[in-house]
Amino acid sequence: MDNSEQEKYIQETKVMFRSFTDKELVESFNGQLGNSGWGWARSIYIGTMLKEFRIRNWDYSVITSESGGIKLAHGNEIYLLNEKFHLLRKAQNTNTLKSISMTKTEIKEILEIKSLELINEKTKNKLLSKVEPDTQVIVHCHFTALNGDKRIRIWQSTFLYASGSIQKSKLVFADNINMYPVWTIVKNGETLNFTLIFTSLPKGCMLFNMIENIPEPGGFDFKNIKRNDSDVYRINFS
């Protein structure tokens, strides 16, 4: 990878983080936790994010290891309060979360999804098959690599848009696929099965779109998905 391409990516990432609200910046960090892949793109992404933390005079010591590195494992999800990061897993009740100026819906989402992200694989899979339809939307996805090896990843800016409504459902959990900027490699002829979990759709929604809003070509756009009673769906990307 030549230096000009890396420098271009650094500048693009700086501009992106500078435009983010505080909440969006925190969500971007939380979206990186648990991703095992590493490369120059992710190194730049994380490093530029930390610089933006410093520009905003945030205290992020809670996610800094004794050696000076950054803790990127699940369990280090954070929230921002009084210009300082705190661990979500230590926010034990709704009174703590209310002090972060969150809506009731956001508090409910955190209490539900936080526990889902921290449990072991066996229990997580059991929960994924029994999620209550009125709290979350589950999309099981299948991507087959044809005509050579392929790369795929999911951006945090992926939403469900209810037809005829301004409401959008946020992506809160992705299983078995890397989040931007890290790619997941799928070998030729193999199929990657992964799961996306979103916040709930409006009760009256009959059709919705699943759209990946990204500042580059290649974002997916699945339109007019018919709502069902279980709010569990399967989508083939190939």
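This is a short chat about the cores, rings and loops of one predicted model.

Trainee: What should I know before I start?
Mentor: Residues are numbered from 1 along each chain as its sequence is written, and side-chain values use heavy atoms, with hydrogens and water left out. The model is predicted, so local features need pLDDT of at least 70 and side-chain atom pairs count only at pLDDT 80 or more, while totals for chains, interfaces and linings use all residues.

Trainee: OK, helix α3 then. How far apart are its end C-alpha atoms?
Mentor: They are 22 Å apart. That agrees with the 22 Å expected for the 16 residues of α3 (residues 40-55) at 1.5 Å a residue; the expected span is 1.5 Å times one less than the number of residues. Helices here are DSSP runs of H or I with at least four residues, strands are E runs of at least two, and both are numbered from the N terminus.

Trainee: Which residues of α3 are buried?
Mentor: Among them are Ile 44, Tyr 45, Met 49, Leu 50 and Phe 53. Polar or charged names turn up too, including Arg 42, Thr 48 and Glu 52. Buried means under 20% relative accessible area, exposed is over 50%, and partly exposed is in between, with a 1.4 Å probe and protein chains only.

Trainee: And what does Phe 53 pair with?
Mentor: Phe 29: the ring centres are 6.4 Å apart with planes at 65°, so this is an edge-to-face pair. Phe 29 sits in helix α2 (residues 22-30), 24 residues from Phe 53, and both rings are buried. For pairing, rings of Phe, Tyr and Trp (its six-membered ring) need centres within 6.5 Å; planes under 30 degrees apart are stacked, over 60 edge-to-face, and the rest tilted.

Trainee: How many aromatic pairs does the structure hold?
Mentor: It holds 15. Another one of them joins Trp 58 and Phe 85, edge-to-face, with centres 5.5 Å apart and planes at 65°. Trp 58 is in the loop between α3 and β1, and Phe 85 is in strand β2, 27 residues apart. Trp 58 has 6% relative accessibility and counts as buried; Phe 85 is buried as well, at 1%.

Trainee: Switching topic: which residues touch the most other members of the largest nonpolar core?
Mentor: Ile 152, Ile 154, Phe 194, Leu 196, Phe 198, Met 210 and Phe 237, out of 26 residues. Strands β3 (136-144), β5 (158-162), β8 (191-199), β9 (207-212) and β11 (232-236) each supply at least two residues of that core. A second, separate core of 25 residues includes Phe 29, Tyr 45, Leu 50 and Trp 58. A nonpolar core is a set of buried Ala, Val, Leu, Ile, Met, Phe, Trp, Tyr and Cys residues joined through side-chain atoms within 4.5 Å.

Trainee: What about Trp 183, which arginines lie over its ring?
Mentor: Arg 151 lies over the face at 4.2 Å from the ring centre, and the charged end of Arg 153 sits 3.8 Å from that centre. The test asks for NZ of Lys or CZ of Arg within 6 Å of the ring centre and within 35 degrees of the ring normal.

Trainee: Last one: is Asn 82 buried or exposed?
Mentor: Asn 82 is exposed, with a relative accessible area of 70%. It lies in the loop between β1 (78-81) and β2 (84-87), and has a positive phi of about 55° although it is not a glycine. Asn 147, in the loop between β3 and β4 (150-152), has a positive phi near 60° and counts as exposed at 79%.
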